[in-house]
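This report describes selected features of one protein structure for the bench biochemist. The sequence and the model are shown first, and the description follows.

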Amino acid sequence: MSHKLFAQAQKILAAEKNIFPSEQKFSKHKLKEVLSIALAYPNRYYTGMSNLGFQTVYRLFNVQTATECQRVFLPDPADIEEYYRTNTPLFSLETQKPVRDFDVLAFSISYENDYLHLLQMMELAKIPVLRKDRRETDPLVMAGGATVLLNPEPLADFVDFFFIGEIEPIVAALTEILRRGKEKELPRWEILRELAELAGVYVPQFYEVTYSAEGLLTSFCPQDKVPAKIKRVYLGNLDSYPTLSAIITPQTELAEMLLTELSRGCSRRCRFCACSSVYHPHRLRDGPELKKVLLQQGEGVLKIGLLGAAISDYPHLLYLGRELLSSQKSLSFSSLRVDSLNQELADLLRDSGQKTVTIAPEAGSERLRRIINKGFNEQKILEAVDLLAERGVANLRLYFMIGLPWEEKADVQEIVELTKKI
Ligand code: SF4
């Protein structure tokens, strides 16, 4: 066991501000009557704590009946060495309880690049990496998040069950099945069989999946009478659940910031982006309602991070931004579409003290932007840049992609030309 690692965890906790649930008591022990979930982010603390999806799931699990959820992250490289050197099993942040002592290890995965970290974390936790090797005493390994929603199959050998979709509508039913299974000491197989009936849950061991020599999926056959298709679950009314940071910390990219979601999905349908389809339909939060929640829960927090896909399309953005500014909050905005940036919005960015604004031309050439259905031309980009520069925005962050289908060398060269013009 490493005292150094335990002391580091305590130091991180001491710097955090708990927004919600402020009353949750965490236990270092295995309690028979409480379902314990280790919520894992397969990257470092610094990255994970700026992920609003991860923070939202943490909130949701912690308000379920007789359920407690603690966080676990991929340790920093030097700490990984310390884990191995001292033979310390990976532990949770809140109580430094070994992850293998939890009932469930739930991964929240946003990026494919983190897949290998998932395996590394299980190895550090001393949990068998392959699901077929797990014993009755091991936690059930669950995974959800944006990449799982796109395609869970690459992780099917490592994960006991996936959640496909947005977890809010079924989190109560999901934790209830897990809690009852624990209470009755049901075997893993029985708990998983019951979970397989729940909308949005995919349990790979109950499906036979075949692939062609080229790696394409050729068949997907349910076994043991489980549902033939797994239905994506989504939240009909966003206002029924707040999507807000649970914990604020200085040790993350979006430091000391209460993050909130303005909308989910996107109506723009750019061809390279999954947002319009996997988070369909495009849904918006009510502006006055969101303001109320932010002012209530953001008491004592100075900075609010407004997140969403294409937030400049959010119809209450000006109202909400002005209201928050007049309540002495400062604001941070995720990336904006140049074709919905107007004078009022640019004024709001200036008044919020925004020094860096992110815009996403995505491709350098008009031709490629048309192919990917980006929907605006170079003139629009330059007009938006003028609007921002006139208001003293000193830095622009530009998103471009290289490697798009039908791309030619000239398209890449045009990224350079466009950047020079900007
Ligand atoms: S506007 Fe942004 S979020 Fe919407 S589809 Fe296009 S790239 Fe995706």
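## Helix faces, ion pairs and the ligand shell

On the other side of helix H15 from its buried residues, Lys409 and Lys420 are exposed. The model in which these features appear is a predicted one.

**Two helices with a buried face**

Helix H15 covers residues 409-421, 13 residues in total. From its first C-alpha to its last it reaches 19 Å, close to the 18 Å expected at 1.5 Å a residue. Asp411, Ile415 and Leu418 are buried in H15. Viewed down the axis of H15, these buried residues fall within an arc of 75°, so they line one face of the helix. Their packing partners are strand E16 (356-362), helix H13 (366-371), helix H14 (378-390) and strand E17 (395-400).

Helix H12, residues 343-351, has Leu345, Ala346, Leu348 and Leu349 as its buried residues. Seen down the axis of H12, they fall within an arc of 155°, so they too line one face of their helix. The cover over the buried residues of H12 includes H11, strand E15 (330-333), E16 and H14.

**Salt bridges**

Side chains of opposite charge can pair when their charged atoms come close. The structure holds 35 salt bridges, and three of them are set out below.

| Pair | N to O distance | Accessibility of one partner | Accessibility of the other partner |
|---|---|---|---|
| Lys32 and Glu185 | 3.7 Å | Lys32, 51%, exposed | Glu185, 58%, exposed |
| Glu176 and Arg179 | 2.3 Å | Glu176, 30%, partly exposed | Arg179, 10%, buried |
| Asp313 and Arg268 | 2.8 Å | Asp313, 21%, partly exposed | Arg268, 28%, partly exposed |

What separates the partners along the chain in the salt bridge of Lys32 and Glu185? Their side chains meet at 3.7 Å, N to O. This pair links distant parts of the chain, 153 residues apart. Lys32 lies in the loop between strand E1 (17-18) and strand E2 (35-41), whereas Glu185 lies in the loop between helix H7 (171-183) and helix H8 (188-195).

The salt bridge of Glu176 and Arg179 has a local setting in sequence: the two residues are three apart in helix H7, so about one helical turn separates them. Arg179 is buried, because its relative accessible area of 10% is under 20%.

Asp313 and Arg268 form a further salt bridge, with their closest N and O atoms 2.8 Å apart. Asp313 is placed in the loop between strand E14 (303-307) and helix H11 (317-326), and Arg268 in the loop between strand E12 (263-264) and helix H9 (275-278), so the pair ties together parts that are 45 residues apart in sequence.

Beyond these pairs, a network of salt bridges links Glu166, Glu168, Glu261, Arg264, Arg283 and Arg285.

**The ligand shell**

Arg268 is also one of the residues around the ligand. The others in this shell are Cys266, Arg269, Cys270, Phe272, Cys273, Ser276, Ala309, Arg337 and Lys374. By side-chain class, the shell divides into five nonpolar, one polar and four charged residues.

**Arg193 and its surroundings**

Arg193 is located in helix H8 and counts as buried at 16% relative accessibility. Leaving aside neighbours within four places in sequence, Arg193 is in contact with Phe206, Asp224, Lys225 and Val226. The C-alpha atoms of Arg193 and Phe206 are separated by 8.1 Å, and the two residues are 13 apart along the chain.

Lys225, one of these contacts, is itself exposed, with a relative accessible area of 78%. Lys225 lies in the loop between strand E9 (217-222) and strand E10 (247-248). The phi angle of Lys225 is near 60°, a positive value in a residue other than glycine.

**Further backbone features**

Gln328 also has a positive phi, near 65°, and is a residue other than glycine. Gln328 is found in the loop between H11 and E15, where it is exposed with a relative accessible area of 63%.

The peptide bond from His280 to Pro281 is cis, with omega near -5°. Pro281 belongs to the loop between H9 and strand E13 (283-284).

Technical notes: Residues numbered from 1 in each chain as written. Predicted model: local features only at pLDDT ≥ 70, side-chain atom pairs only at ≥ 80, totals over all residues. Heavy atoms only, no water. Salt bridge = Lys/Arg side-chain N within 4 Å of Asp/Glu carboxyl O. Helix = DSSP H or I, 4+ residues; strand = E, 2+ residues; numbered from the N terminus. Buried < 20%, exposed > 50% of the residue type's maximum accessible area, 1.4 Å probe, protein only. Near = heavy atom within 4 Å. Nonpolar A, V, L, I, M, F, W, Y, C, P; charged D, E, K, R; others polar. Expected span 1.5 Å × (residues − 1). Arc of directions from axis to C-beta. Contact = heavy atoms within 4.5 Å.
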